[in-house]
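Here is a quick tour of one protein chain, written for someone who likes to check things against the coordinates. Have the viewer open as you read.

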Amino acid sequence: MSVFDKLRSSKRKTPPVLALYGIGGVGKTTLAGEFPDALYLHTSGEETPVDLDIPAIEIESYDEMIEAFSTLLTETHPYKSVIIDSLDAFEKMLWAATCARMGWDTIDSNDKGSPTAFGKGYLEADNDWLEYMGGARALSRSGVNVVQILHCKVKSFNDPLLDPYDRYRPKLQDRATDIIMEKSDALLFMSKRASIKQVDKGFGKKENKAVGMSGSERVIYTDERAGFLAKNRLNMPATIPYVKGKGYDALSAYFYTPHDVTAAEDEAA
């Protein structure tokens, strides 16, 4: 058998696995709810906006999330999209599952003699994150959009070329963020559009100042900038305006055509 017998097109043919984060109240869940025939898998405390009515299941543990994925993969269902809200709340369930599996009391300890000291607990949790993302990618291969919603945090970034500066990033432990970014087709950051105006500082001096617009103008950022993490492998433009009710149409113009593929094809793409 020749290696060339394995030749195939590298073009992806599955719906995307997305991670969507942003500032509070910017419309993350509203945008996710625009995806077609969606099932809402939410943690305790997360709710859809009052004008959004979609089927929902409350997820209370890591095992329940994995079981939900398994059911969607093995049973007939009407859903074309799955929304997970929020991934940062789910992270605590994942840590609990890691600790139970390893017989630990905590995922992170300051005790030098602890098996979870020096970040070793988070290192072990990588295995559970990879299992979770394996399930998300399997849903994609089966023809289902996956939208993961996260909150954000501000953290200092030590750029080796510049002085340290603050930037938005998903509200996850750093190793988890790396896995979500690597295994998702896009990490999208939502925010209000900022404008620059001159502020009078007195004595004839003026200063440029970024001002967040309080109106309805929202933006989806798809590429990394100094102020936030983002990425996509869907050939999206750097910014996509978000208008309520039209967000899915704006994003889906860059999605793959749904088509069942094998796990090997998905990994190779």
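Is Gly24 buried or exposed? Gly24 is exposed, as its relative accessible area is 69%. Keep in mind that we are looking at a predicted model here. Gly24 sits in the loop that runs between β1 (17–22) and α1 (28–32). If you want a partner to measure against, try Ser191: the two C-alpha atoms are 8.8 Å apart, although 167 residues separate Gly24 and Ser191 along the chain.

**The chain as a whole**

Zooming out, the chain has 269 residues, and 45% of them count as buried. Its secondary structure adds up to 7 helices and 13 strands. Take the contacts between residues at least 6 apart in sequence: 65% of those link residues at least 24 apart. As for the surface, about 14500 Å² is exposed, with 51% of that coming from carbon and sulfur atoms.

Now the inside. The largest nonpolar core contains 71 residues. Phe90, Trp129, Tyr132 and Leu251 are the ones with the most contacts inside that core. Tyr132 is worth a click. Once its neighbours within four places in sequence are set aside, Tyr132 touches Tyr62, Met65, Ile66, Phe69, Ile84, Leu87, Phe90, Gln148 and Ile180. So which helices does Tyr132 help to bring together? For one pair, Tyr132 is among the α4 residues that meet α2; for another, Tyr132 is among the α4 residues in contact with α5.

**Helices around α4**Packed helix pairs are described by the angle between their axes and the distance between those axes. Here is how the two pairs come out:

| Helix pair | Angle | Axis distance |
|---|---|---|
| α2 (residues 62–74) and α4 (residues 120–141) | about 25° | 10 Å |
| α4 and α5 (residues 174–183) | about 25° | 10 Å |

With that angle, α4 is roughly parallel to α5. The crossing of α4 past α5 is right-handed. On the α4 side, the contact uses Tyr122, Leu123, Asp126, Trp129, Leu130, Tyr132, Met133 and Arg137, while α5 brings Arg175, Ala176, Ile179, Ile180 and Lys183.

α2 and α4 are also roughly parallel to each other. α2, however, passes α4 in a left-handed crossing. From α2 come Tyr62, Met65, Ile66, Phe69, Leu72 and Leu73, and they meet Asp128, Glu131, Tyr132, Gly135, Ala136, Ala138 and Leu139 of α4.

**Backbone oddities**

Next, some backbone geometry. Most residues other than glycine have a negative phi, and most peptide bonds are trans. Which residues are joined by a cis peptide bond? They are Asp85 and Ser86, with omega at about -5°. Ser86 falls in the loop between β4 (81–85) and α3 (87–102).

Then there is phi. Asp37 is not a glycine, yet its phi is positive, at about 45°. You will find Asp37 in the loop between α1 and β2 (38–42), and its 42% relative accessibility makes Asp37 partly exposed. Phe118, not a glycine either, has a positive phi of about 60°. Phe118 belongs to the loop between α3 and α4. Is Phe118 buried or exposed? Phe118 is exposed, given a relative accessible area of 66%.

**Two strand residues to look at**

Val154 is part of strand β6 (residues 152–157). With 53% relative accessibility, Val154 counts as exposed; the cut-off for that is over 50%. Which residues does Val154 contact, leaving aside its neighbours within four places in sequence? The answer is Asp166, Arg167 and Tyr168. You can also check Val154 against Gly227: the C-alpha to C-alpha distance is 9.2 Å, with their positions 73 residues apart in sequence.

Glu58 is in strand β3 (residues 56–58). Its relative accessibility of 36% puts Glu58 in the partly exposed class. Apart from neighbours within four places in sequence, Glu58 is in contact with His42, Thr43, Ser44 and Glu64. Gly45 is 13 residues from Glu58 along the chain, and the C-alpha atoms of the two are separated by 9.4 Å.

Technical notes:
Residues are numbered from 1 along each chain as its sequence is written. This is a predicted model: local features need pLDDT of at least 70, side-chain atom pairs count only at pLDDT 80 or more; totals for chains, interfaces and linings use all residues. Side-chain values use heavy atoms; hydrogens and water are left out. A nonpolar core is a set of buried Ala, Val, Leu, Ile, Met, Phe, Trp, Tyr and Cys residues joined through side-chain atoms within 4.5 Å. Buried means under 20% relative accessible area, exposed over 50%, partly exposed in between (1.4 Å probe, protein chains only). Contact means heavy atoms within 4.5 Å. Helices (H or I, at least four residues) and strands (E, at least two) are DSSP runs, numbered from the N terminus. Accessible areas come from the Shrake-Rupley method with a 1.4 Å probe; for residues, only the protein chains shown count as cover. Axes are lines fitted to C-alpha atoms, for helices over the stretch in contact, and angles run from 0 to 180 degrees between N-to-C directions. Angles under 35 degrees count as roughly parallel, over 145 as roughly antiparallel, 65 to 115 as roughly perpendicular and the rest as oblique. A crossing is left-handed if the near helix is turned anticlockwise from the far one by less than a right angle, and right-handed if clockwise.
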